[in-house]
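Hi,

Here is the structure I promised to pass on. Have a look at it first, and my notes on what turned up follow underneath.

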Amino acid sequence: MIEKIDSLKQEIDSFTINSEEELEAFRLEFLSRNGKVQDMFKLMGQVPNDQKAAMGKAMNEVKNLAQERFDSAKESLSGKEAVTFGAADDISLPVTPKYTGSLHPLTRALREIKQIFLRLGFNIADGPELEDDFHNFTALNFPPDHPARDMQDTFFVKRSEENPDENLVMRTHTSPVQIRLMKDTQPPIRSIMPGRVYRNEAVTAKSYFQFNQVEGLYVDENVTLGELIETLVMFAKLMYGSDVKYRVRPSFFPFTEPSLEMDIWWNNEKGGQWLEILGAGMVDPNVFDAVDVDSETYTGFAFGMGVDRIALLRYGIDDIRTLYENDIRVLRQFK
Ligand code: DAH
């Protein structure tokens, strides 16, 4: 009996199926009601009881094998048919496009910024998004009544009227990471600190209530304002090309003296305007005092740049909100 089953198996295996006719012949030979597989099952009556289970199993395997050969041959035959074109087929019709993923413009801008500063000898540090009052404000030389501490700008997670030192805020800038770094590390320090920041501000085409900054800090003996400006101009040229239109103008920040801002010319739908991309300056001695760095020995420069605006300019996006809405049609444009 087992020999019969085996030889049927071989017959199924060696049957050639290369056409619809052969497929039908196969079906009649093995799978039809009078086919060899059904005939095989009719032999079950002759099998002694103690072998019925084993034989049944072997027969079922043969039946499955025949069905599988039939199915796969049928599938490959229909595949063959699909590539034969008839006179009515228009092979110039466009195919349905297949989209692959791509990097978000913010990720791309951030990577470019990091690459530029790594090349200039900076390393990368980071810090928490939930900050205390000391790191976000006090150590950065914000007076207790400074307007930036006001509800207008800051998302407070915890606010204490009696003891403002206990305040917890969503960091309003990446500058507190400078403080953490200087407390932990002795100069020389040359680091950038990328991260997300939060401001309780009106949403417009240019600002959002959350955005990304890259902070920079260089502390050593004899660091100068000239080196700061040179570094920033170098950055602008590496980011936007050597013919970038930029300007550097005086500004004010509590934690730097003197302070400045850098603008890049923004060619937008309205014909163009200056867009501020970063604030910077020489680290204020009061900041050094707050973190126990000797301000007689060391000087330093710092900057904080807005990654979102840098991305707008870099990729010709005209509304910052686009970066957070994740509209797939927009993202597909950034390949
Ligand atoms: N923290 C400032 C802001 O968010 C940006 C900034 C300005 C950072 C000057 C700096 C700096 O490190 O030196 O607007």
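**Around helix H10**

Just after H10, Gly316 takes a positive phi of about 65 degrees. Before going further, please keep in mind that this is a predicted model. Helix H10 itself runs over residues 307-315 and is mostly covered, with 7 of its 9 residues buried. Those buried residues are Val307, Asp308, Ile310, Ala311, Leu312, Leu313 and Tyr315.

**Helix H7 and the loop after it**

Helix H7 (residues 175-184) is also worth a click. Here 7 of the 10 residues are buried, so this helix counts as mostly covered, buried meaning under 20% relative accessible area. If you want to colour them, pick Ser175, Pro176, Val177, Gln178, Ile179, Leu181 and Met182.

What lies over those buried residues? The cover includes two helices, H6 (133-136) and H9 (285-290), along with strands E2 (130-132), E5 (189-198), E6 (210-220) and E10 (299-306).

Follow the chain out of H7 and you get to the loop that leads to E5, where Pro188 sits. The peptide bond from Pro187 to Pro188 is cis, with omega near 5 degrees.

There is a cis bond at Pro258 as well: the link from Glu257 to Pro258 has omega near -5 degrees. Pro258 is part of strand E8, and E8 comes up again below with the salt bridges.

**How H5 and H8 pack**

Next, a helix pair. Helix H5 (residues 105-119) and helix H8 (residues 225-240) have axes that come within 10 Å and cross at roughly 130 degrees. Why call H5 oblique to H8? Because an angle of that value is neither under 35 nor over 145 degrees, and is also outside the 65 to 115 range. As for handedness, H5 passes H8 in a right-handed crossing.

On the H5 side, the contact is made by Ala109, Glu112, Ile113, Ile116, Phe117 and Arg119. H8 brings Thr231, Phe235, Leu238 and Met239 to the contact. Sorted by type, the residues of this contact are 7 nonpolar, 1 polar and 2 charged.

**Salt bridges**

How many salt bridges are there? The count comes to 12, and I picked out a few for you.

- Glu11 and Lys36: their side chains meet in a salt bridge at 2.5 Å, N to O. The pair links distant parts of the chain, with Glu11 in helix H1 (residues 2-14) and Lys36 in helix H3 (residues 36-42), 25 residues apart. Glu11 counts as partly exposed at 30% relative accessibility, and Lys36 is partly exposed too, with a relative accessible area of 30%.
- Asp263 and Arg249: the closest N and O atoms in this salt bridge are 2.6 Å apart. Asp263 lies in strand E8 (residues 256-266) and Arg249 in strand E7 (residues 246-253), so the bridge ties together parts that are 14 residues apart in sequence. Asp263 is buried, with a relative accessible area of 1%, whereas Arg249 is partly exposed at 26%.
- Arg329 and Asp327: here the closest N and O atoms are 2.6 Å apart. Arg329 is exposed, with a relative accessible area of 59%, while Asp327 counts as partly exposed at 24%.

The Asp263 and Arg249 pair also belongs to a network of salt bridges that links Arg247, Arg249, Glu261 and Asp263. Try showing those four side chains together.

**Two asparagines with positive phi**

Which residues other than glycine should you check for backbone angles? Asn141 is one of them, with a positive phi of about 75 degrees. You will find Asn141 in the loop between H6 and strand E3 (156-158), where this residue counts as partly exposed at 24% relative accessibility.

Asn326 is another, with phi near 50 degrees. Asn326 lies in the loop between helix H11 (322-325) and helix H12 (328-331), and is partly exposed, with a relative accessible area of 48%.

That's the lot from me. Shout if anything is unclear.

Cheers

How values were computed:
Residues numbered from 1 in each chain as written. Predicted model: local features only at pLDDT ≥ 70, side-chain atom pairs only at ≥ 80, totals over all residues. Heavy atoms only, no water. Buried < 20%, exposed > 50% of the residue type's maximum accessible area, 1.4 Å probe, protein only. Helix = DSSP H or I, 4+ residues; strand = E, 2+ residues; numbered from the N terminus. Contact = heavy atoms within 4.5 Å. Axes fitted to C-alpha atoms, helices over the stretch in contact; angles between N-to-C directions. Left-handed = near helix turned anticlockwise from the far one by under 90°. Nonpolar A, V, L, I, M, F, W, Y, C, P; charged D, E, K, R; others polar.
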